[in-house]
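Subject: Structure for you to look at

Hello,

Here is the structure I promised to pass on. Please open it alongside the notes below.

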Amino acid sequence: MIEGADGLDGVVAARTVLSEVDGEAGRLLIRGRTLDDLAGSWPFEAVAGLLWGGFFPDLPERLDQPLGMARQAVFAQVAADPDLAKRPPVEAVRALMARLPDGDDLSLALRLTAAPAVFTSAVIRLQAGAHPVAPDPALSHAADVLRMARGAAAEPAEIAALDAYLVTVADHGLNASTFAARVVASTQAGLTSAVLAGLSALKGPLHGGAPGPVIDMLDAIGAPDLARPWLERALDRGDRLMGFGHRIYRVRDPRADALKRAVGDLAGRSGSSSGRLALAEAVEAAALAVLGERKPGRSLQTNVELYTALLLEALGFPPEAFTCVFAMGRVAGWIAHAREQSAGGRLLRPQSRYVGPRPLEPA
Ligand code: ACO
């Protein structure tokens, strides 16, 4: 038996044509293209099409129109449950998504991709005491998400920023949620089951649940010159600093730069959030310095979640819904990985080493 570390560090559990995370160079490749090529230039629909190429026999050249129609189709599920307003958004969205049937076809893949966008927007509005807004299939996915969440059309700069975010998080190697989705897909359970597994893994604070707590941290710090003492106290308590550290990256997460650019563009064009950006930059510099001193051998760097928090806050999403917005992008990757796994991969079934008690041998 080959034994890996408890967290499966360094274990290669799948072969994929989808994405490569180079933790030493700080580079993310998605189907042969760098993140820099894609984020800010490609709309989310095009990146979903790029990821899904070869995994659906009837994949059309453009996904804009079918994804718009899928948003309309899933909206019918929303009105059905008044309790949605009382649950944490990620649980409400997961409950709505669980109503979709299982299957493996393109039409379901489109509905599963539409679902976090439509359901998150509806849940945000229900929790604010407003009525859900029906999708407009003629809009781009990012434009429609902002419109459905706010009840009014968004500015082009905001739409561009959300598109850049969705593309930045669409796929990222064998991260915990993608691995969870692939394990389920390897049993041939179907796409809905695989996507729900991905969403459930994403929700934890060590993965996609971190950006909400990043906002709490920025609020608690309050001013740039208070960052260092606040962070030192947090580490003295044994807390982890949200938005820092990564299993694979030993250098800065390239997604942090893509998102920082998007936040800067948004602040420049709309005149909003530049004070918040300055605070985040001060917190980042102080955190990197303190982490370098406290964990000298570890190279803990900024991850995607610090600037995710800033961007989603600037776009007006409530922090408790940030994980759901992450899922709006990552769902495209989960679906591609699930299809790749179920088409060519074997059942994922590792072993454990038993370290518990054994029956006593007769004397
Ligand atoms: N703050 C303080 N210390 C940290 C942090 C952090 N953010 N991250 C790691 N460390 C420390 C650990 O305490 C540990 O110290 P020790 O060796 O003295 O015990 C050491 O660094 C190694 O930690 P591991 O747990 O082995 O690192 P792992 O690879 O499992 O962790 C993780 C990766 C979970 C992302 C971690 O860095 C973390 O908890 N970060 C904060 C949460 C966060 O930002 N999550 C989002 C990640 S990005 C994403 O999933 C989309």
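Lys203 counts as partly exposed, because its relative accessibility is 33% and the buried class ends at 20%. Bear in mind that this is a predicted model. Lys203 sits in the loop between α9 and α10 (211-221). Beyond its neighbours within four places in sequence, Lys203 is in contact with Val90, Glu91, Arg94, Gly209 and Thr323. Take Cys324 as a reference point. Lys203 and Cys324 are 121 residues apart in sequence, and their C-alpha atoms are 8.3 Å apart in space.

His207 is found in the loop between α9 and α10 as well. Is His207 buried or exposed? His207 counts as buried, because its relative accessibility is 19% and the cut-off for buried is under 20%. The side chain of His207 makes a polar contact of 3.0 Å with the side chain of Ser177. Residues up to four places away in sequence aside, His207 touches Asn175, Ala176, Ser177, Ala201, Leu202, Glu305 and Arg330.

The ligand

His207 also belongs to the ligand's surroundings. Which residues come nearest to the ligand? Of the 21 residues around the ligand, they are His207, Leu241, Phe244, Arg247 and Arg298. Three close atom pairs are worth a look:

- Phe244: a backbone N or O atom lies 2.8 Å from a nitrogen atom of the ligand.
- Arg247: a polar side-chain atom lies 2.7 Å from an oxygen atom of the ligand.
- Arg298: a polar side-chain atom lies 2.8 Å from an oxygen atom of the ligand.

On its own, the ligand exposes 920 Å². The protein buries 75% of that area.

The loop between α11 and α12

Gly243 is in the loop between α11 and α12. Gly243 counts as buried, because its relative accessibility is 2%. Not counting residues up to four places away in sequence, Gly243 touches Val214, Gln301, Thr302, Asn303, Glu305 and Leu306. Val93 gives a contrast to that list. Gly243 and Val93 are 150 residues apart in sequence and 24 Å apart in space, C-alpha to C-alpha.

Asp253 lies in the loop between α11 (227-236) and α12 (254-270). Where does Asp253 stand on accessibility, buried or exposed? Asp253 counts as buried, because its relative accessibility is 1%. With residues up to four places away in sequence left out, Asp253 touches His246, Thr302, Asn303 and Val304. Thr302 and Asn303 thus appear among the contacts of Asp253 and among those of Gly243.

Domains

The domain assignment divides the protein chain into domain 1 (32-156 + 169-205 + 329-344) and domain 2 (211-314). How many residues does each domain put into the contact? Domain 1 gives seven residues and domain 2 gives eight residues. The centres of domain 1 and domain 2, taken over C-alpha atoms, are separated by 27 Å.

The nonpolar core

In soluble globular proteins, nonpolar side chains tend to be buried together. The largest nonpolar core here has 115 residues. Trp52, Leu162, Tyr165 and Phe317 have the most contacts inside it. Which helix gives the most to this core? It is α5 (residues 106-127), with 13 residues. Domain 1 and domain 2 each supply at least three residues to this core.

Look at Phe317 in the viewer. Leaving aside neighbours within four places in sequence, Phe317 is in contact with Ile124, Val145, Leu146, Ala149, Leu162, Leu312, Phe322 and Val325. Leu162 is thus a contact of Phe317, and Leu162 is also named among the residues with the most contacts inside the core.

Backbone angles

Most residues other than glycine have a negative phi. Two residues here go the other way. Arg31 is not a glycine, yet its phi is positive, about 45°. Arg31 is in the loop between β2 (27-30) and β3 (33-34). Arg31 counts as partly exposed, because its relative accessibility is 25%. Gln188 is not a glycine either, and its phi is positive at about 65°. Gln188 is in the loop between α8 (176-186) and α9 (191-202).

Best wishes

Conventions:
Residues numbered from 1 in each chain as written. Predicted model: local features only at pLDDT ≥ 70, side-chain atom pairs only at ≥ 80, totals over all residues. Heavy atoms only, no water. Core = buried A, V, L, I, M, F, W, Y, C linked by side-chain atoms within 4.5 Å. Buried < 20%, exposed > 50% of the residue type's maximum accessible area, 1.4 Å probe, protein only. Helix = DSSP H or I, 4+ residues; strand = E, 2+ residues; numbered from the N terminus. Domains from an automatic or database assignment. Contact = heavy atoms within 4.5 Å. Near = heavy atom within 4 Å. Polar contact = N/O pair within 3.5 Å; in protein donor to acceptor, adjacent residues only side chain to side chain. Areas by Shrake-Rupley, 256 points an atom, 1.4 Å probe, with all protein chains shown as cover.
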